[in-house]
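Follow the packing of a few helices through the chain, and then the empty space left between them.

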Amino acid sequence: MTRLARRLGVLDAVVIGLGSMLGAGVFVVFGPATAAAGGAGLLPALVLAGFLAFCNATSSARLAARYPESGGTYVYGRQRLGPFAGFVAGWGFVVGKTASCAAMALTVGAYLWPGQTRLVAVGAVIAVTAVNLRGISRTATATKLLVSLVVAVLVLVAVVGTVGGPVHLDRLTDPGGSGRGVLTAAGLLFFAFAGYARIATLGEEVRDPQRTIPRAVPLALGVVLVIYLVLAVVTLGVLGADRLAGSAAPLVDVVTAAELPGLVWVVRAGATIAVIGVLLSLVAGVGRTTLAMARRRDLPGALAAVHPVRQVPHRAELAVAAVVILVVLLADVRHAIGFSSCTVLVYYAITNAAALTLGRESGRRLPVQVLAGVGLVGCLLLAVNLPLASVLAGFGVLALGAAWHLLRQRGR
């Protein structure tokens with residue numbers, strides 16, 4: 001079996017994690033999260049989502065250091081809990097993140113050319129696939145550039161909002177929402193943090209994974225949490241809960257409120273760059289999980305090929321791109337965030353369940369075992385508190401995949 005080349009250091013892994021996370025939360029999720037939780041519930045929901053992501057990151061880092069190969073929780077579930085758990089995790093990741101890829105591609109189209117959203121989305125998928133097929137080092141280099149530009153735009157918005165907004169801190173306690181609304185918002189906001197798993201799914205391409213992965217995952221997550229908290233305070237403080245809940249482009253509205261319309265296109269460009277960065281890493285991550293599943297014949301074996309020169313899973317990435325383009329052209333992906341959050345939360349529930357089995361071997365029961373337990377319960381709690389349509393669709397697709405897997409196993 002051909003292995004992928006180890007070319008990524010700590011900085012490369014952190015940057016890929018940042019590129020996977022920055023964008024979705026700031027440019028997409030704040031509006032619906034505020035609608036669910038209200039002004040007073042947004043920050044608690046964000047902290048809850050970030051804490052749960054930290055629990056998951058701790059479990060992911062421990063498992064990825066022990067099993068440094070492509071596939072993430074698909075591999076961990078198989079190794080620690082059995083083939084069925086591994087398949088459910090891998091299936092949930094592939095279908096959920098494929099929906100995310102389509103949603104991100106359509107977001108690029110909506111920002112760049114609203115009249116031709118689907119056409120631009122297809123072009124974006126083709127472009128990022130072409131970059132990924134050049135090799136993982138090219139992906140890391142491109143992501144570094146994208147992350148630098150996005151951070152600059154986000155800093156600009158924070159400064160403009162603070163100076164010209166102004167930021168009314170009393171709006172952070174605007175009433176609205178409920179306890180369940182906070183859980184729903186946290187589940188939606190979790191979508192914005194899920195990119196740190198990309199570091200684990202690239203585990204086979206990381207140098208010295210036992211050292212690199214445990215450092216890169218929490219570092220990337222911590223940087224993103226700080227950025228999200230600052231921007232949540234600025235957007236909510238400038239716009240207020242009602243306006244933020246109804247906003248499709250909250251950072252653009254912040255700049256507009258500061259009476260600086262000339263910066264609107266800068267923010268729109270920053271949003272486009274951010275989403276392309278997310279899409280770049282998403283396609284890479286889904287392709288590598290597809291590779292891992294194909295190696296074990298849980299997906300067609302032809303997808304397990306690794307390019308002899310570029311050292312990338314080229315067939316898997318091309319297959320993923322084809323499915324994403326099909327979804328972009330034919331499907332309604334308005335509920336893609338909720339669907340993706342549901343399936344990915346189940347994925348991380350399996351991550352934490354697998355991590356719980358490590359304590360018996362390593363003797364490190366606390367605090368990492370407590371974090372794994374909290375992560376397991378928290379993931380399931382947030383998943384079932386998402387909007388009903390997302391819960392039904394997510395668990396329905398997971399059940400169909402599980403049934404197909406069991407039938408194939410019996411056939412063998």
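In this predicted model, helix 11 and helix 12 pack with their axes 8 Å apart, at an angle of about 120 degrees. Angles of 65 to 115 degrees would count as roughly perpendicular, and those over 145 as roughly antiparallel; helix 11 and helix 12 are therefore oblique to each other. The crossing in which helix 11 passes helix 12 is right-handed. On the side of helix 11, the contact is made by Val-283, Ala-284, Val-286, Gly-287, Arg-288, Thr-290 and Leu-291. Helix 12 contributes Ala-316, Glu-317 and Val-320. By class, six residues of this contact are nonpolar, two are polar and two are charged.

Helix 11, which spans residues 264-295, also meets helix 5, residues 117-133. The two axes come within 9 Å and cross at roughly 60 degrees, which means that helix 5 is oblique to helix 11. This crossing, too, is right-handed. From helix 5, the residues in contact are Ala-124, Val-125, Val-128, Thr-129, Val-131 and Asn-132. Their partners on helix 11 are Ile-276, Leu-279, Leu-280, Val-283 and Ala-284. Val-283 and Ala-284 of helix 11 thus appear in the contact with helix 5 and also in the contact with helix 12. The contact between helix 5 and helix 11 has nine nonpolar residues, two polar ones and no charged ones.

Next comes the space between the helices. Which elements line the second largest pocket with two or more residues each? They are helix 4 (83-112), helix 11, helix 12 (314-330), helix 13 (336-356) and helix 16 (388-411). Helix 4 gives the largest share, five residues. The pocket holds about 450 Å³ of space, and 22 residues line it. Val-95, Thr-98, Ala-99, Val-323 and Val-327 are the closest of these to its centre. The lining of this pocket divides into 17 nonpolar residues, four polar and one charged.

There is also enclosed space: the whole structure has two cavities of 30 Å³ or more. The second largest cavity has a volume of about 30 Å³. Helix 11 takes part here as well, since it is among the elements that give two or more residues to the lining, together with helix 1 (10-21) and helix 6 (136-164). The lining residues are Leu-18, Gly-19, Leu-22, Leu-146, Val-147, Val-150, Ala-274, Gly-277 and Val-278. Seven of them are nonpolar, two are polar and none is charged.

Technical notes
Residues numbered from 1 in each chain as written. Predicted model: local features only at pLDDT ≥ 70, side-chain atom pairs only at ≥ 80, totals over all residues. Heavy atoms only, no water. Axes fitted to C-alpha atoms, helices over the stretch in contact; angles between N-to-C directions. Helix = DSSP H or I, 4+ residues; strand = E, 2+ residues; numbered from the N terminus. Parallel < 35°, antiparallel > 145°, perpendicular 65-115°, else oblique. Left-handed = near helix turned anticlockwise from the far one by under 90°. Contact = heavy atoms within 4.5 Å. Nonpolar A, V, L, I, M, F, W, Y, C, P; charged D, E, K, R; others polar. 1 Å grid on protein atoms, 1.4 Å probe; cavity = no way out; pocket = protein on both sides within 12 Å on 5 of 7 lines; lining within 4 Å. Points joined across faces, edges and corners; volume = space filled by probe spheres on them.
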